[in-house]
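Student: I am new to this one. Please walk me through the terms and how they are applied.

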Amino acid sequence: MYGCTWKELLSKVTPKENEVIHSLERPLFHEPGLKILRGNLSPNGAIVRPTAVYEEVKYLKGKAKVFEGDRPAFEAIQAGDIVPGDIIVIRYEGCKGAPGMKELMLSIDALIGLGLHKSVGLITDARFSGFNYGAIIGHVSPEAYDGGTIALVENGDEIVIDIPNGEVNLFVSEEELTRRKADWVCPPLKEEKGCLNIYAKMCRPAEEGGAMQPWGLDARFKR
């Protein structure tokens with residue numbers, strides 16, 4: 001068969017459906033593996049894995065419990081401070097805030113270990129492992145460090161996660177959010193020197209890939 005093209009080699013191959021590779025007519029799931037959610041809590045987008053979310057929490061309305069990082073949330077879960085119906089908000093773990101968009105492991109693993117993944121939601125400007133499951137919403141943008149709405153959430157605020165409709169919203173009035181934004185103070189960078197400090201100062205937002213480039217994505221250069 002030397003000299004043949006792939007088209008010629010595959011021309012007589014007939015696809016055979018099996019339990020690993022499904023046809024378009026009989027998909028394994030009727031939802032995408034990833035879905036973008038938008039709303040006033042994530043106007044530039046957030047990411048969820050619909051196929052890893054239980055039916056019980058595909059629509060979830062609950063009260064926010066806010067944490068400034070993964071470990072404080074983990075400790076609250078371990079202490080029994082998180083109960084069914086809560087929506088955990090973990091912030092300042094995004095591209096700039098972490099810096100480097102931390103992968104949440106402690107808090108999410110704790111939720112699963114305690115069986116709370118079918119009754120508790122989690123929203124964050126960080127990222128998460130592809131092996132996690134539950135109502136885990138990540139990559140929220142703008143991130144908290146940039147003054148996104150996630151930075152303005154307070155304990156007890158009502159949040160709605162609506163995965164079927166692709167929305168995640170904070171039920172706080174625009175007037176109140178404006179007041180909170182006026183009082184918000186951007187925290188100092190966690191890394192004061194070195195490569196991570198440079199990255200935090202130069203990186204693009206999550207929806208643009210978090211790459212360390214200070215110029216706009218639409219920039220044009222001549223050779």
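Tutor: Start with a cut-off: a disulfide is a pair of cysteine sulfur atoms within 2.5 Å. This is a predicted model, where local features need pLDDT of at least 70, side-chain atom pairs count only at pLDDT 80 or more, and totals for chains, interfaces and linings use all residues. Residues are numbered from 1 along each chain as its sequence is written, and side-chain values use heavy atoms, with hydrogens and water left out.

Student: Why is Cys 95 not bonded to Cys 203?

Tutor: The two sulfurs are 5.1 Å apart. The limit is 2.5 Å, so that is too far for a bond. For Cys 195, the nearest cysteine sulfur, in Cys 203, is 14 Å away, and Cys 195 is in no disulfide. The count is zero disulfides.

Student: What makes Cys 95 buried or exposed?

Tutor: Buried means under 20% relative accessible area, exposed over 50%, partly exposed in between (1.4 Å probe, protein chains only). Cys 95 has 4%, so Cys 95 is buried. Cys 195 has 67%, so Cys 195 is exposed.

Student: Why do Tyr 54 and Tyr 133 form an aromatic pair, and of which kind?

Tutor: Rings of Phe, Tyr and Trp (its six-membered ring) pair if their centres lie within 6.5 Å; planes under 30 degrees apart are stacked, over 60 edge-to-face, the rest tilted. Here the centres are 6.1 Å apart and the planes 75 degrees, so the pair is edge-to-face. The whole structure holds one aromatic pair.

Student: How do you know that Tyr 54 is partly exposed?

Tutor: Its relative accessibility is 27%. That falls between 20% and 50%, so Tyr 54 counts as partly exposed. Tyr 133, at 31%, is also partly exposed.
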